[in-house]
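Q: Please take a close look at one strand of this model. I would like its surroundings, its partners and any link to a pocket.

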Amino acid sequence: MEAGAAPERLTVSMGDRFEDVDPALGIIHDGFVSAGYMEPRPSGRRMHPAYLNPGGIHVVARMGSDVVGTIIMVADGPFGLPSDRAFIEEIDQLRADRSVREVGSLVVDARFRRHTRTIYMHMLATIVRAIVTHASDAHIILSVSPESVRFTAQMFECDLLTQDRRPLYGEPAVLLHTTASILTNCYRDGATASRREMGRLVFARGPEWLDEHPLGAEWPADWLNLLVCEADILRRLQRQKARVDALLGSSIEVDGAGRLPHG
């Protein structure tokens with residue numbers, strides 16, 4: 001879309017199709033590089049190991065043919081969750097109770113910042129719909145900068161799980177928590193104008209702006225192999241395999257997400 005042109009209709013996709021995941025990883029890469037969270041990669045994509053856990057949901061916003069934003073809900077699994085590196089103790093306490101999903105990688109393409117609020121609201125509403133549909137019994141966590149706590153807590157009715165700030169991607173972060181039932185009550189009550197707007201988007205029946213897709217799509221092997229190697233995930237897998245091989249013959253227990261115990 002040319003600068004200054006009238007904005008095209010906003011649509012949002014929800015699922016794990018390759019045609020959504022690939023551009024989403026591109027926007028996340030550019031956003032993380034711009035924020036100083038990572039160095040540029042040759043592929044122009046950011047593949048986090050946790051994105052490989054089964055059950056992840058990618059939300060992708062488009063204006064016309066332009067991909068303008070994304071947010072991801074990561075399911076817990078063999079690769080853990082992105083925030084484990086800073087908040088493992090708190091997240092493990094939640095895991096002991098029930099499953100955990102992490103919402104993150106919220107990025108809007110810098111070229112479309114003047115439409116940020118509209119894009120944010122539709123993507124946030126879509127991820128809430130995904131939580132209600134696919135993670136109704138799960139703990140939902142979010143790691144955000146201290147400056148974003150007020151906005152995020154207001155939009156998601158979150159509890160602060162940590163009082164201290166911990167480094168994540170080289171910047172201070174805090175851990176927030178919510179659930180599907182908390183979110184549902186929050187938007188039904190509609191205590192603020194923003195929550196009432198979110199409620200209209202979350203509870204809308206068959207909205208024309210939303211395109212939902214079944215989960216379980218397969219990604220092209222050559223594309224996946226490139227990103228897995230680029231992100232050094234294979235070396236991490238080899239280290240895990242070596243640890244498992246060393247434990248063979250002893251009693252090995254895994255947690256509910258299929259991971260080896262920490263330590």
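A: What follows takes one strand, S3, and works outward from it. The model is predicted.

Start with burial. Strand S3 covers residues 66-75. Of its 10 residues, 10 are buried, so the strand is largely enclosed by the rest of the structure. Buried here means under 20% relative accessible area.

Next, the partners. Strand S2 (residues 57-63) runs antiparallel to S3, and 7 bridges join the two. Within this pairing, Ala61 stands opposite Gly69 of S3. S2 and S3 make a hairpin, with 2 residues between them. Gly64 sits in that turn and has a positive phi of about 65°.

S3 also pairs with strand S4 (residues 100-108). That pairing is antiparallel too, over 6 bridges. Here Ile72 stands opposite Gly104 in S4.

Now the pocket. The largest pocket holds about 1,000 Å³ of space. Its lining counts 41 residues. Nearest its centre lie Phe32, Tyr37, Ser105, Leu106 and Val107. S3 is among the elements that give two or more residues to this lining. Others in that group include helix H1 (18-35), helix H3 (116-134) and strand S8 (171-178). S4, the partner of S3 over 6 bridges, gives the largest share of the lining, 7 residues. By class, the lining has 25 nonpolar, 10 polar and 6 charged residues.

To sum up, S3 is a buried strand. It pairs with S2 and with S4, and it contributes to the lining of the largest pocket.

Note on methods. Residues numbered from 1 in each chain as written. Predicted model: local features only at pLDDT ≥ 70, side-chain atom pairs only at ≥ 80, totals over all residues. Heavy atoms only, no water. Buried < 20%, exposed > 50% of the residue type's maximum accessible area, 1.4 Å probe, protein only. Helix = DSSP H or I, 4+ residues; strand = E, 2+ residues; numbered from the N terminus. Pairing = 2+ DSSP bridges. 1 Å grid on protein atoms, 1.4 Å probe; cavity = no way out; pocket = protein on both sides within 12 Å on 5 of 7 lines; lining within 4 Å. Points joined across faces, edges and corners; volume = space filled by probe spheres on them. Nonpolar A, V, L, I, M, F, W, Y, C, P; charged D, E, K, R; others polar.
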